[in-house]
Amino acid sequence: GQPLGPRRLSLKPVPKLPNMAAFLQEAAVKVKKQARGCLAPELCLQAVRAATERPFAEGVRRERELFQVLLSSGQARALQYAFFAERAVHRWATPTGASWSGAAPQPVRRAAVIGLGTMGRGIVTSLVKANIPVVALEQDLEYLNKGRKAVMLLLEREAMKMEGGAQTLDFHNPAHLQFTVDFDLLRDVDLVIEAVFENMALKKEIFHKLSKICKPGALLCTNTSALNIDEIASATSRPQQVIGTHFFSPAHVMRLLEIIYGRHTSPTAIATAMQLAKALKKVGVVVGNCFGFVGNRMMFPYVEQAVFLLEEGSRPEAVDQVLEDFGFKIGPFRMSDLAGLDVGWRSRQGQGLTGPSLPAGTPARQRQGQRYSPLPDLLCEQGRFGQKTAKGWYQYERAGGRTATPDPWLHSFLAQYRDTHGIKTRFIDQEEILERCLFSLINEGFAILAEGIASGPEHLD
């Protein structure tokens, strides 16, 4: 029974809520936590606050001002750069003249994954989510059952996230996902991804077997994080089909997929791996073959400097804090605990930097005439592998726990270590932490470019 006059919502006053200030304050805390260091979400909140406090025209004016601030900010420029860099890396090229424009991918109708450790599980999950039928293989039934349980758990979680979406995950169907210990089931797959430990002899043995069993056109991929692709390929009768597909942990979450070509890898193999990255909704980056490739090779000196800082008087939580405040999602020590300290330890043992193959009488803090820190090796010898053992550079609430808390045991361990080696503890400021970690990272990037391992700066970034 009311007249229907014109109703301009913008002319209505915003109803005053009794707890508005407290509500916005709480929202601000949440936003700061979820989008640490990001300008835009915080300014969105300011725009909403202006809408509650001022008339419509003034609120819109304030929103415009905030937008102008963002438009000219360094963060906007960085995001635009990242946007175009991600698109530039699709256009890959190798020093031999092979490139994206002249190579066509082969179709991947069925894939296989060998090894169901942390990486293998994530890779299987990624393939299932991309609707590519998978055969998952382990060495014996005990490992297979353990792996199957973990994969099913990951897929249940992913399915819950996708609920209500157009696509549903059909992972209970054996035509889509099959677990086995029988290599013969790999006869008709188009692509195999090997994800076993970082052990060259083991990888070569598997590739030798694959090159006998898989059909002639099948692509043989290795998820190694540092080992020589050419040496792995030498164990096969088809080195042109061998390529590195280095996933980053956790493999079903991280968007980067490093694609490493060897001396004999064919352009078709590279194109197929790039096509796979796209199907998995990942950013594939084609790089050359050297120890650690690009991602890990740049990480080595960065983490090494972080450890040197501990030797000289810093603490893991102090170093992580500085790098996280600078903008990294996670500092080097929390990252090492997440990935597992044993991974690097096994790699250093393989290189003869530590463990039984280290020549007697080698100085504790020197290798091949270069400064070296045995700290990570000493932690591993104590069985401190990070989150998986509830202790690493930090302590965790339980094995597999995620919440890092500073560990008094580690602090006194560092103090003892400095005493043993006659290192005088000194105060290290934020600037020094930042410069030493970042400059070593950046310099390694320049070395990689100079050697032609990456074909452009966008690939590194």
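This passage describes the overall build, the nonpolar cores, the unusual backbone sites and the salt bridges of a predicted protein model.

The protein has 461 residues, of which 45% are buried, and its secondary structure comprises 17 helices and 10 strands. Along the principal axes, the C-alpha trace spans about 85 × 60 × 45 Å. The accessible surface comes to about 24900 Å², and carbon and sulfur atoms account for 58% of this area. When contacts between residues at least 6 apart in sequence are considered, 67% of them join residues at least 24 apart. The domain assignment divides the protein into domain 1 (14–72), domain 2 (111–289) and domain 3, the last of which is given as two segments, 295–358 and 368–459. Between the C-alpha centres of domain 1 and domain 2 there is a distance of 45 Å.

In soluble globular proteins, nonpolar side chains tend to be buried together. In this model, the largest nonpolar core contains 65 residues, and the members that touch the most other members are Ile-114, Leu-186, Leu-210 and Trp-393. Because domain 2 and domain 3 both give residues to this core, it lies between them. The surroundings of Ile-114 illustrate the packing: when residues up to four places away in sequence are set aside, Ile-114 touches Leu-186 and Leu-210, and its other partners include Leu-137, Phe-183, Val-192, Ile-193 and Ile-206. A second core, separate from this one, has 43 residues, among them Ala-103, Leu-127, Leu-191 and Ala-195. Nonpolar side chains also appear at the surface, where Phe-439, Ile-442 and Phe-446 make a patch of about 320 Å². Within this patch, Ile-442 belongs to helix H16, which covers residues 430–450, and its relative accessibility of 41% is the reason that Ile-442 counts as partly exposed.

Several backbone sites call for separate description, since most residues other than glycine have a negative phi, and most peptide bonds are trans. A cis peptide bond, with omega about -5°, joins Ser-249 and Pro-250, and Pro-250 is located in the loop between S6 and S7. The loop between strand S6 (242–247) and strand S7 (256–261) also holds His-252, a residue that counts as buried because its relative accessibility is 18%, under the limit of 20%. Although His-252 and Thr-125 are 127 residues apart in sequence, their C-alpha atoms are 6.1 Å apart in space. Beyond its neighbours within four places in sequence, His-252 is in contact with Thr-125 and also with Gly-122, Ser-126, Lys-129, Leu-154, Glu-158 and Lys-282.

Positive phi values are found at Gln-368, where phi is near 45°, and at Ala-390, where phi is near 70°. Gln-368 is placed in the loop between strand S9 (366–367) and strand S10 (370–371), and with a relative accessibility of 71% this residue counts as exposed. Ala-390, in the loop between helix H14 (375–381) and helix H15 (408–420), counts instead as buried, at 12% relative accessibility.

The structure holds 26 salt bridges. One of them is formed by Lys-32 and Glu-42, whose closest N and O atoms are 3.3 Å apart. Since Lys-32 lies in helix H1 (residues 20–34) and Glu-42 in helix H2 (residues 39–53), the pair ties together parts that are 10 residues apart in sequence. Glu-42 is partly exposed, its relative accessible area being 25%. Another salt bridge pairs Lys-215 with Asp-190, with 2.7 Å between the closest N and O atoms. This pair links a residue in the loop between helix H7 (200–213) and strand S5 (219–222), namely Lys-215, with one in the loop between strand S3 (177–180) and strand S4 (191–194), namely Asp-190, and the two are 25 residues apart. Lys-215 is partly exposed at 30%, whereas Asp-190 counts as buried at 14% relative accessibility.

A further salt bridge joins the side chains of Glu-231 and Lys-204, at 3.2 Å from N to O. Because Glu-231 lies in helix H8 (residues 229–233) and Lys-204 in helix H7, this pair ties together parts that are 27 residues apart in sequence. Glu-231 is partly exposed, with a relative accessible area of 34%, and Lys-204 is partly exposed, with 26%. Finally, salt bridges that share partners connect Glu-311, Glu-312, Arg-365, Arg-371, Arg-426, Glu-432 and Arg-436 into one network.

Note on methods:
Residues are numbered from 1 along each chain as its sequence is written. This is a predicted model: local features need pLDDT of at least 70, side-chain atom pairs count only at pLDDT 80 or more; totals for chains, interfaces and linings use all residues. Side-chain values use heavy atoms; hydrogens and water are left out. A nonpolar core is a set of buried Ala, Val, Leu, Ile, Met, Phe, Trp, Tyr and Cys residues joined through side-chain atoms within 4.5 Å. Buried means under 20% relative accessible area, exposed over 50%, partly exposed in between (1.4 Å probe, protein chains only). Domain bounds come from an automatic or database domain assignment. Contact means heavy atoms within 4.5 Å. Patches are made of residues with over 30% relative accessible area and no salt bridge: like charges are joined within 9 Å, nonpolar side chains (Val, Leu, Ile, Met, Phe, Trp, Tyr) within 5 Å. Accessible areas come from the Shrake-Rupley method with a 1.4 Å probe; for residues, only the protein chains shown count as cover. A salt bridge is a side-chain nitrogen of Lys or Arg within 4 Å of a carboxyl oxygen of Asp or Glu. Helices (H or I, at least four residues) and strands (E, at least two) are DSSP runs, numbered from the N terminus.
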